[in-house]
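Hi everyone, thanks for making time for this. I'd like to walk you through one structure, and I'll explain the terms as we go.

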Amino acid sequence: MRNYPKGKLVALALWLFAIPAYPAEQQSLDTLSPANIIIDGRFKDWQGIDPLISSVNENGLLQSLRLADDEKYLFIRLEFRRMVNLQSGNEITLYLDMDADAATGLPEGQLGADAAFTFGQRRGWIFSGNDTVSIQYESLGLVAAPTMESTEFEIALNWGASREVKVLGFGSAPLKMRITDEETGEASPIVTYRPRRRPHSAPPDINLEKEDANHLRLVTHNVNRRHFDPEKRDAFRRVYEALQPDLLLLQEAYEGMPQEVLDYFRMAIGAPLSGRWYAYKAGEEATVLLSPFPASAVVPLGNSAAYLLDLSEPYSGKLVLIALSMPCCDLDDARQAEADMIMAFIANLKEGKTLDSIPPDTPVILAGDANLVRKTAPYLTLLEGRIHDTLAYGPGAFPDWDDSPFTDLLPLHLQKPMAFTWRGKGYFPGRMDFIIYSDSVVEIGRNFVFDTVGLPEEVLNRYQLREEDAPNTYKHQPVVADLILER
Ligand SMILES: [Ca+2]
Ligand SMILES: [Ca+2]
């Protein structure tokens, strides 16, 4: 026997003890309906789905692992024992034995892994015959949530995501998997899963129109500096014609004076030449608001900005619209500072400590690209008003009029069980764009993340859209919310 250090033996003993309280093979409890999992970073939808792994003490990488599926997706829920930034700085790896055959694929313990994916490196491999093919998330159709750090994630893989996985028969036979941390050597037990591939009864009816003409439709869209690109103009026109915003809020619309942006999109958004429309631009990241209502004040807040609108018939009073365009990527501190600044502005506005004032119960809507990756603290600041730099920005307080937090609307795609609002290369599709609102004084009607990919032909035709519009034109999806305001 090799000379293992004592600690390792203890760890091994604990590890053996940690092995499943539940059997690592799915139970025979079988219902006729498919799993109704939504990749939105919330986990209530997993209720009733037993873990295949659930260790009974505090060792190991995973607290639990659950699997579910439907005709299109394999759903994985991972509960870690520590905070994880899934897409960065880890070597947590999924080994997938797609045919539950140890003789095919890369030998990995008892597995013959036909694919592996290291989340923190955002890349993987498919092992097919003697070939090893390097892949990125697209080959598995991987979508994960939340996008921020968490101890818990839900992940969808698409059975038919690529030719490579179809060739391997992904989803057509029982599969096995394990999760390993290549850095620490921790590995989960192997689980076996038999996909049921149950279809959903009927595809959802997809209508883009407001449910009530009196709702006020807000569309927020990070145009990534592409709005004036002549080659993309028609695709932008098509999407805004289909969505018919009453308020169109853009981010990263650097090019053009506000009036030029309005004139450019005037026909698409149905702003009559005769009627009065207003255009404003503010914030370091060029947020632009096109609106039938004038702003009594426009206040830059770092990259973001506040627009105080004077509503008119059929509405009355004011509407505070905060255009979010928070610092990106690894700029956690700058993102936190901007969240602090925004919430301090709202607190001061409510308390009459600013030049402008709003009457009590004025709706407050935060919308736009919040870039919420990595730390969760800026997210909690936007919801709960908890300010970090109290010396600079004051004490902070619950932001809603009834002394409660704001609500995160969390709109979903119309045609798939997903909430991501950004899709690009390298990083997984993620939720960057948010609508956060004062739920004590405003309700929301229809709301959704708009994506042309996967829309049925009939819907594309009805709204004169093209499926390639979104991926060819914008990385951020437009996000739609119909505000129900008091009249
Ligand atoms: Ca969910
Ligand atoms: Ca295999």
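Let's start with a word we need right away: a disulfide is a pair of cysteine sulfur atoms within 2.5 Å. Before I use it, some housekeeping. This is a predicted model, in which local features need pLDDT of at least 70 and side-chain atom pairs count only at pLDDT 80 or more, while totals for chains, interfaces and linings use all residues. Residues are numbered from 1 along each chain as its sequence is written, chains are lettered from A and ligands numbered from 1 in the order in which they are written, and side-chain values use heavy atoms, with hydrogens and water left out.

Okay, so how many disulfides does the structure hold? Just one. Its partners are Cys328 and Cys329, with an S to S distance of 1.8 Å. For accessibility I'll use three words: buried is under 20% relative accessible area, exposed is over 50%, and partly exposed is in between, with a 1.4 Å probe and protein chains only. Both cysteines fall in the middle class: Cys328 is partly exposed at 28%, and Cys329 is partly exposed at 41%.

Stay with Cys329 for a second. It lies in the loop between E20 and helix H6 (332–350). Those element names come from DSSP runs numbered from the N terminus: helices are H or I with at least four residues, strands are E with at least two. Cys329 also has a positive phi of about 60°, and it is not a glycine. Why mention that? Because most residues other than glycine have a negative phi, and most peptide bonds are trans.

Gln244 is another non-glycine with a positive phi, about 45°. You'll find Gln244 in the loop between H4 and strand E15 (247–251), and it is partly exposed at 38%. At the residue where helix H4 (233–243) has Arg233, we get 37% accessibility, so Arg233 is partly exposed. Arg233 and Tyr264 are 31 residues apart along the chain, with 9.0 Å between their C-alpha atoms.

Now the peptide bonds. Glu313 and Pro314 are joined by a cis bond with omega about 5°, and Pro314 sits in the loop between strand E19 (304–310) and strand E20 (318–325). The bond from Ala145 to Pro146 is cis too, with omega near 0°. Pro146 lies in the loop between strand E10 (143–145) and strand E11 (150–158). Remember Pro146, please; it comes back.

On to the metals. Donors here are N, O and S atoms within 2.8 Å of the metal, or 3.2 Å for Na, K and Ca; water is not among the atoms, so sites may look incomplete. Which residues coordinate the calcium ion called ligand 1? They are Ile38, Asp40, Arg42, Asp45 and Glu154, at 2.2 to 2.8 Å. Ile38 and Arg42 each use O, while Asp45 and Glu154 each appear twice in the donor list. Two of these residues are partly exposed: Ile38 at 26% and Asp45 at 21%.

The calcium ion called ligand 2 is held by Asp97, Asp99, Asp101, Thr104, Gly112 and Asp114, at 2.4 to 2.9 Å. Along the chain, its donors follow the spacing D-x1-D-x1-D-x2-T-x7-G-x1-D. Within that set, Thr104 is in the loop between strand E4 (92–97) and strand E5 (106–108), and Asp114 is in the loop between strand E6 (111–113) and strand E7 (115–118), ten residues apart. Is Asp114 buried or exposed? Buried, at 2%, whereas Thr104 is partly exposed at 27%.

Last topic: empty space. Rolling a probe the size of a water molecule over the atoms shows where empty space is left. On a 1 Å grid over the protein atoms alone, a cavity is a set of points where a 1.4 Å probe fits but cannot get out; a pocket is an open set with protein on both sides within 12 Å along at least five of seven lines; and lining residues have an atom within 4 Å of a point. Grid points are joined across faces, edges and corners, and a volume is the space filled by probe spheres set on the points.

There are two cavities of 30 Å³ or more. The second largest has about 30 Å³, and here's Pro146 again, lining it with Leu86, Gln87, Ala144, Thr147 and Phe428. The largest pocket holds about 980 Å³. Its lining has 37 residues, with Lys72, Tyr73, Gln415, Lys416 and Pro417 nearest the centre.
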